[in-house]
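Please look through the sequence and the fold shown here before reading on. The paragraphs that follow lead from the overall layout to the inside and then to the surface.

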Amino acid sequence: RRSMFVRLFLFVTLLGALPACCQVEPSATGGSSPENERPMAIPHEFNRGVDSPKLGEEQRSNSLKGDIIVNNAYNDNVLAGSDAQPLSDITYSIWPSIELDQNTPRQSRSLMYSSGFTFYQNTSVLDAANQNAVLDLQYRLSPHKTFTLHDSFQQNSNVFNQPVGLSGGNASGYSPLPNATVITPFANQYTNIATAGVTGQFSRDGMIGASANYGFLDYPNPTQVPGLYNSQSDGGTAFYLRRFARNQYVGAVYQYSRIWLPSASERAQLQTPSFLYMVDLKDELSLSISSGPQLSSITMPNTAPWSSWTPSASANIAWEKD
């Protein structure tokens, strides 16, 4: 895992050393109408900004928030999936949370941590402690180039008992790990995903960006999840965006993702080059559509490698409000 984090760090460092073309003032290229003077919108798929005032605004703020969530639940069978006679139980949970936000004209930082405890009235062997931590960072490298970092960690032992965080969403933050697709109701598990990227507006109507991510899913007690395995994933995205009207954009996107099992030489990869069309309807609402071919590759022991090209398309509607 350490090697993957080193590769991620080097990748982002190289992006930060891109030529100063991303620092060109939007008005330096000319050829666009005055209505295009406002900064370009970033596609929601690549914008992992925190819930804070926009960078560049001449204001500073610091906030510290905390809360405690108490939860009570009834389960009619805590031994679901076993051959034993159904056993019902009542759970009691307490979730203290703390969140720190700091904003300056050049950077925005947010840190949230929550630690929960779940107690079973009759089945005390299932008593467990859960943890969630989310870190978000935005830093303006220059007037038109921004670095973002997001890291989300979760220790979970009960899928039915996740708290609502301080911001009103899942405490794990943002989207879940792409490889955490199997629900394990009472198995202890650790998940983490880190994403870092750079976006730069190099002209009044042109923008480029790139990001890299790494994540893992770990079951510390394999006997709780027979048939499931620890896994790791990484990937990256690069895009070019061009504005041809006040609120309309076209561009090209390349996405790469990989997932593999550390205990075996099993690996799956996806590569997707696509064209992107986006409409920035309002400051808070955007619509994007992308389409292109997708190359899928799978490698397994004692089996010939397999690969295939298939069509791929996606649509995204995003609404954000400060």
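Helices (H or I, at least four residues) and strands (E, at least two) are taken as DSSP runs and are numbered from the N terminus. This is a predicted model, in which local features need pLDDT of at least 70 and side-chain atom pairs count only at pLDDT 80 or more, while totals for chains, interfaces and linings use all residues. Residues are numbered from 1 along each chain as its sequence is written, and side-chain values use heavy atoms, with hydrogens and water left out.

The protein contains 1 helix and 12 strands, and from the N terminus on these elements run α-β-β-β-β-β-β-β-β-β-β-β-β. Among contacts (heavy atoms within 4.5 Å) with a separation of 6 or more, 62% join residues 24 or more positions apart. Of the 322 residues, 39% count as buried, where buried stands for under 20% relative accessible area, exposed for over 50%, and partly exposed for what lies in between (1.4 Å probe, protein chains only).

The largest nonpolar core, a set of buried Ala, Val, Leu, Ile, Met, Phe, Trp, Tyr and Cys residues joined through side-chain atoms within 4.5 Å, has 9 residues, namely Met40, Ala41, Met207, Phe239, Leu241, Tyr249, Val253, Leu276 and Met278. Strand 8 (231–245), strand 9 (248–260) and strand 10 (267–279) each give two or more residues to this core. Strand 9 also holds Arg258, whose side chain makes a polar contact with that of Asp234 at 2.7 Å; such a contact is a pair of N or O atoms within 3.5 Å, and within protein one must be able to donate a hydrogen and the other to accept it, with residues adjacent in sequence counted only if both atoms are side-chain atoms. The C-alpha atoms of Arg258 and Tyr214 are separated by 9.6 Å, although the two residues are 44 apart along the chain.

Turning to the surface, the protein exposes about 17800 Å², of which carbon and sulfur atoms supply 58%, with accessible areas from the Shrake-Rupley method and a 1.4 Å probe, and for residues only the protein chains shown counting as cover. Leu64 lies in strand 1 (residues 61–75) and is exposed, with a relative accessible area of 62%.

Asn302 is found in the loop between strand 11 (285–299) and strand 12 (306–319), where this residue is exposed at a relative accessible area of 87%. Its phi is near 60°, a positive value in a residue other than glycine. Most residues other than glycine have a negative phi.
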